[in-house]
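Hi everyone, thanks for making room for me today. I'd like to walk you through one model, going from a strand to a helix and then to the place where two chains meet. Let me put it on the screen.

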Number of protein chains: 2
Amino acid sequence: MDKVKRNERLAVMLHVLGSAPNRIVPFSTFCEMFGSAKSTVSEDTDLLQKMALRYGLGKVETLTGAAGGVRFRPLDLGEKRRERVLALCERLEEPDRVLPGGFLYQSDLLSDPSAVSDMARIFAGVSYPLLPEFILTMETKGIPVAMLTAQAMSLPLVIARHSNKVYEGSAVNISYMTSSGRIETMSLSRRAVREGSRALIVDDFMRGGGTVNGMRSLMKEFHVDVVGACVVLAVEDANHPIPQDVKALMLLSRGEDGQTLKVRPGDWL
Amino acid sequence: MDKVKRNERLAVMLHVLGSAPNRIVPFSTFCEMFGSAKSTVSEDTDLLQKMALRYGLGKVETLTGAAGGVRFRPLDLGEKRRERVLALCERLEEPDRVLPGGFLYQSDLLSDPSAVSDMARIFAGVSYPLLPEFILTMETKGIPVAMLTAQAMSLPLVIARHSNKVYEGSAVNISYMTSSGRIETMSLSRRAVREGSRALIVDDFMRGGGTVNGMRSLMKEFHVDVVGACVVLAVEDANHPIPQDVKALMLLSRGEDGQTLKVRPGDWL
């Protein structure tokens with residue numbers, strides 16, 4: 001019986017922790033759930049810790065003190081990380097993705113749950129230490145990966161718009177220049193973010209960094225610190241080196257022939 | 001030792017299944033993972049089945065045949081369902097959400113991971129039987145809930161745009177009329193969906209159903225069946241009753257005073 005009980009406790013605990021990644025679950029929650037003593041629950045936690053590491057699931061961490069409890073953080077895939085990114089690179093190099101004008105079709109990849117959760121786990125894993133308080137993205141293609149990153153960090157997602165919407169209330173608008181030299185507008189509801197909080201930028205694509213810089217200036221207006229940025233695909237460009245605080249999952253460049261597109265993992269991976 | 005092994009197997013199996021909801025994981029995957037016999041793995045599956053139900057985590061199902069294996073489907077929260085929706089209704093009724101023009105501010109709720117995963121679990125739970133092959137939404141506010149629904153069903157997400165983008169390739173554009181009588185355009189890349197497949201529409205808001213009808217006509221152009229639609233919030237309007245195949249999580253109406261806004265759970269909940 002007790003054996004079954006432990007089986008259950010471990011499986012259910014890991015499931016509960018895994019469904020709310022990065023959130024601290026108080027020991028008491030599990031004590032009540034299983035009607036077991038705190039000592040039992042913390043024994044279980046130790047077992048889960050080893051188990052989660054051995055199978056590369058993530059980090060189970062015990063936090064002491066008033067706000068104490070157990071926290072699960074999905075591993076940023078460990079050694080599997082580079083391998084997964086290489087697989088994404090291969091998919092993006094499929095020849096039929098090149099569109100008229102030399103654009104790369106990537107919308108399917110950017111909303112494929114399993115591909116996007118790989119991206120999000122890697123972004124979350126590298127960003128936990130930055131202690132962001134919310135995720136910021138700009139509509140539209142970056143929203144899925146930004147949302148799964150927000151979920152993996154249990155943080156709210158904030159979406160900047162191209163223009164002010166009536167149902168967003170009063171908003172702050174800024175203008176920014178895109179890589180192609182166009183002036184565009186970025187708009188964010190006044191009530192969307194708290195002054196003095198910390199933002200992590202997540203976006204799908206970077207060419208020259210116009211949009212990311214736009215989001216930086218937008219955050220200045222809100223007196224918000226940008227603690228870092230994660231982008232799925234960045235164009236390699238000698239004139240626009242990728243800033244230190246920007247983690248690009250994949251780098252896009254032209255092959256010698258100037259025609260074929262090459263995609264490789266970011267150097268930090 | 002063997003005791004520990006079973007502890008591990010159950011916890012890791014449930015975690016693996018839970019991280020790819022609705023996806024069929026072959027028994028062989030677990031046999032290799034643990035170096036155990038198929039008989040052992042199926043014993044474990046039976047245990048998980050009971051466990052997952054007892055703790056209201058979801059349904060662990062065994063599928064036999066060539067494409068056989070184990071599948072986990074998060075429960076649509078069971079009896080907790082209505083309770084969770086009522087909590088969302090309360091949040092939407094907070095007086096300071098009413099914006100100039102009588103609009104309701106809901107962007108925060110629509111990108112709060114825990115609120116959105118509740119919505120997504122309910123949408124997924126009610127939609128599994130419809131056997132959709134992809135999730136369709138229209139930019140922008142509906143994308144987070146559409147993405148988590150796609151994740152909960154392990155289906156690709158397809159995002160219709162307001163206008164054709166160069167990086168989407170050749171697209172099909174249709175015009176549709178909004179509740180306010182404006183004519184708008186909806187655009188979708190030709191390569192985004194496969195002819196003859198089945199779509200589930202997920203959107204954040206419905207007033208009169210202009211956008212949902214737009215998505216229906218867009219799918220006609222692609223010869224795609226719309227098997228159903230899920231919306232987070234629908235305006236109650238005698239002139240525009242909510243269609244049979246549309247599941248609205250919450251219903252919005254004006255109080256007697258014609259001023260205050262009332263939000264209640266959909267009648268199907």
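Before the first stop, one definition: two strands count as paired if DSSP finds at least two bridges between them. Keep in mind, too, that this is a predicted model.

With that in hand, please find A:D203, which sits opposite A:V231 in strand 8 of chain A. That couple belongs to the pairing of strand 7 with strand 8 of chain A, residues 225–235, a parallel arrangement with 8 bridges. And what joins up with strand 7 of chain A through 3 bridges? That is strand 3 of chain A, residues 134–138, and these two strands also run parallel. If you want a residue to click on there, take A:L136, whose bridge partner in strand 7 of chain A is A:I201.

Is strand 7 of chain A mostly covered or mostly open? Mostly covered: it spans residues 198–206, and 7 of those 9 residues are buried. Following the chain onward, strand 7, helix 7 (residues 210–221) and strand 8 of chain A together form a β-α-β unit, and it is right-handed.

Next, a helix. Helix 6 of chain A covers residues 143–153, and 11 of its 11 residues are buried. Among them are A:P144, A:M147, A:T149 and A:Q151. Right after helix 6 of chain A comes A:S154, with a positive phi of about 50°.

Now for the meeting of the two chains. How many residues does each chain bring to the contact? Chain A brings 52 residues, and chain B brings 52 residues. Together they bury about 4,600 Å², with carbon and sulfur atoms giving 66% of that area. On the chain B side, B:H15, B:M147 and B:R191 lose the most area to chain A, and together they make up 13% of what that side buries.

For those of you who like charges, there are 2 salt bridges across this interface. One of the pairs to look at is A:R54 with B:E8, where the closest N and O atoms are 2.0 Å apart. Polar contacts between chain B and chain A come to 12 residue pairs, both partners at pLDDT 80 or more.

Which parts of chain B each supply at least two residues to the side that touches chain A? They are helices 1, 2, 3, 5 and 6, plus strand 4, of chain B. Helix 1 of chain B gives the largest share, 10 residues.

That's my tour, and I'm happy to take questions.

Definitions and conventions
Residues numbered from 1 in each chain as written. Chains lettered and ligands numbered in written order. Predicted model: local features only at pLDDT ≥ 70, side-chain atom pairs only at ≥ 80, totals over all residues. Heavy atoms only, no water. Buried < 20%, exposed > 50% of the residue type's maximum accessible area, 1.4 Å probe, protein only. Helix = DSSP H or I, 4+ residues; strand = E, 2+ residues; numbered from the N terminus. Right-handed = clockwise from strand over helix to strand, strands pointing away. Contact = heavy atoms within 4.5 Å. Buried area = accessible area lost by both parts, 1.4 Å probe. Salt bridge = Lys/Arg side-chain N within 4 Å of Asp/Glu carboxyl O. Polar contact = N/O pair within 3.5 Å; in protein donor to acceptor, adjacent residues only side chain to side chain.
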